[in-house]
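Okay, thanks for coming, everyone. I'll talk about a sheet and a couple of pockets today, so have a look at the screen.

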Amino acid sequence: MPLEVEGAVVEFGGGLFGGRRKQALRGVTVRLPADRPHVLAVVGESGSGKTTLTRLLLGFLRPTRGRVLWRGRDLASLDAQARRDYRRDVQAVFQDPFGAYNPAYRVDRMMLLPARRFGLAASGEEARALAEAALSAVGLRPAETLGRYPHQLSGGQRQRLMVARAIMLRPKVIVADEPVSMVDASLRATILESLWRLRHEAGMSLVYVTHDLTTAYQVADTVMVMRNGEVVEEGDVEQVIRAPRHPYTQELVAAVPPPDPTIDWGLEDRVA
Ligand SMILES: Nc1ncnc2c1ncn2[C@@H]1O[C@H](COP(=O)(O)OP(=O)(O)OP(=O)(O)O)[C@@H](O)[C@H]1O
Ligand SMILES: [Mg+2]
């Protein structure tokens with residue numbers, strides 16, 4: 001796995017106005033297998049530090065202590081070329097993508113420009129075909145969506161757009177923070193499946209942040225349970241959900257109905 005977090009502590013506050021410092025992460029390590037693509041779910045209650053962890057992985061935030069490594073090198077000291085690779089190979093899907101979009105750009109520009117810039121398409125037509133396929137994969141109608149501005153889309157459509165953009169770019173890693181929280185339940189499985197498929201089809205890893213143990217169970221290989229800035233339990237998703245060891249994980253699992261192997265989530269290969 002090219003992306004790792006080592007003993008990260010993140011503190012906020014305590015600056016100029018002497019407010020109390022708050023530790024959003026208290027020594028978190030994320031290691032994924034180096035030899036194969038992997039889906040890691042990160043679950044935990046609101047405020048447990050999930051988004052903070054994704055911001056570290058995406059290089060938007062530096063840890064107060066500890067390190068974030070890309071292909072074994074500290075993110076803080078990448079040279080220009082490595083930084084470009086990292087920007088291309090690690091893509092984000094945000095919890096609330098509104099702020100992530102330039103309001104002056106229409107969807108076509110947001111999709112077509114990176115397709116060209118990252119060398120995925122040799123011509124405008126090719127870029128358009130890639131964009132259309134990605135939009136269709138998340139249930140958006142390309143003809144309707146491409147001409148719109150971000151504010152002309154619903155929250156769920158914006159989330160889907162962000163997933164479409166990420167999958168179109170075929171990165172090595174997608175870091176997705178509650179990527180389907182605003183999407184109708186009926187579409188959630190389809191979108192998660194599009195993300196999940198990329199593990200096999202494109203050799204891509206996924207860090208999937210969610211409140212929702214049910215979808216974590218559907219898509220993940222391993223799961224990390226966070227509470228109050230710490231990882232309280234991690235391991236094989238099947239094991240953690242069927243036999244949780246930490247009392248907090250037991251509470252989480254008790255709060256959702258047990259996974260029913262007879263339910264078809266649209267992930268046939270997984271729920272055997
Ligand atoms: N920029 C910031 N400045 C100060 N405190 C912050 C900042 N960002 C996050 N925090 C605090 O750090 C803690 C972890 O926040 P984080 O957003 O990572 O939680 P989360 O697990 O993503 O929650 P949710 O499930 O609600 O999205 C919270 O107590 C939050 O208030
Ligand atoms: Mg969050």
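Quick bit of vocabulary before the pockets: a residue counts as lining one if it has an atom within 4 Å of a point of that pocket. And keep in mind that this is a predicted model.

Right, the sheet. It's an open one with 6 strands, ordered E6-E7-E8-E3-E9-E10, and the pairing is mixed. E6 (90-93) and E10 (230-236) sit at the edges, each pairing on one side only. From one strand to the next, the twist averages 15°. At the E6 end, 4 bridges tie E6 to E7, residues 173-177, and those two run parallel. Gln 91 stands opposite Ile 174 in E7. Then there's helix H10, residues 247-254, which lies across E3, E9 and E10, at about 110° to E9.

Now, the largest pocket, at about 510 Å³. It has 20 lining residues, and Gln 91 turns up again here, among the closest to the centre along with Ala 100, Arg 117, Met 162 and Arg 165. H2, E6, H3 and H6 each give two or more residues to that lining, with H3 providing the largest share, 5 residues. By class we get 14 nonpolar, 2 polar and 4 charged.

What about the second largest pocket? That has a volume of about 210 Å³. Its lining includes Leu 120, Leu 130, Ile 167, Met 168, Arg 170, Arg 197 and Glu 201. Here H4 (124-137), H6 and H7 (185-201) are the elements giving two or more residues. That lining splits into 8 nonpolar, 1 polar and 3 charged.

Okay, that's me done.

Terms used:
Residues numbered from 1 in each chain as written. Chains lettered and ligands numbered in written order. Predicted model: local features only at pLDDT ≥ 70, side-chain atom pairs only at ≥ 80, totals over all residues. Heavy atoms only, no water. Pairing = 2+ DSSP bridges. Axes fitted to C-alpha atoms, helices over the stretch in contact; angles between N-to-C directions. Contact = heavy atoms within 4.5 Å. 1 Å grid on protein atoms, 1.4 Å probe; cavity = no way out; pocket = protein on both sides within 12 Å on 5 of 7 lines; lining within 4 Å. Points joined across faces, edges and corners; volume = space filled by probe spheres on them. Nonpolar A, V, L, I, M, F, W, Y, C, P; charged D, E, K, R; others polar.
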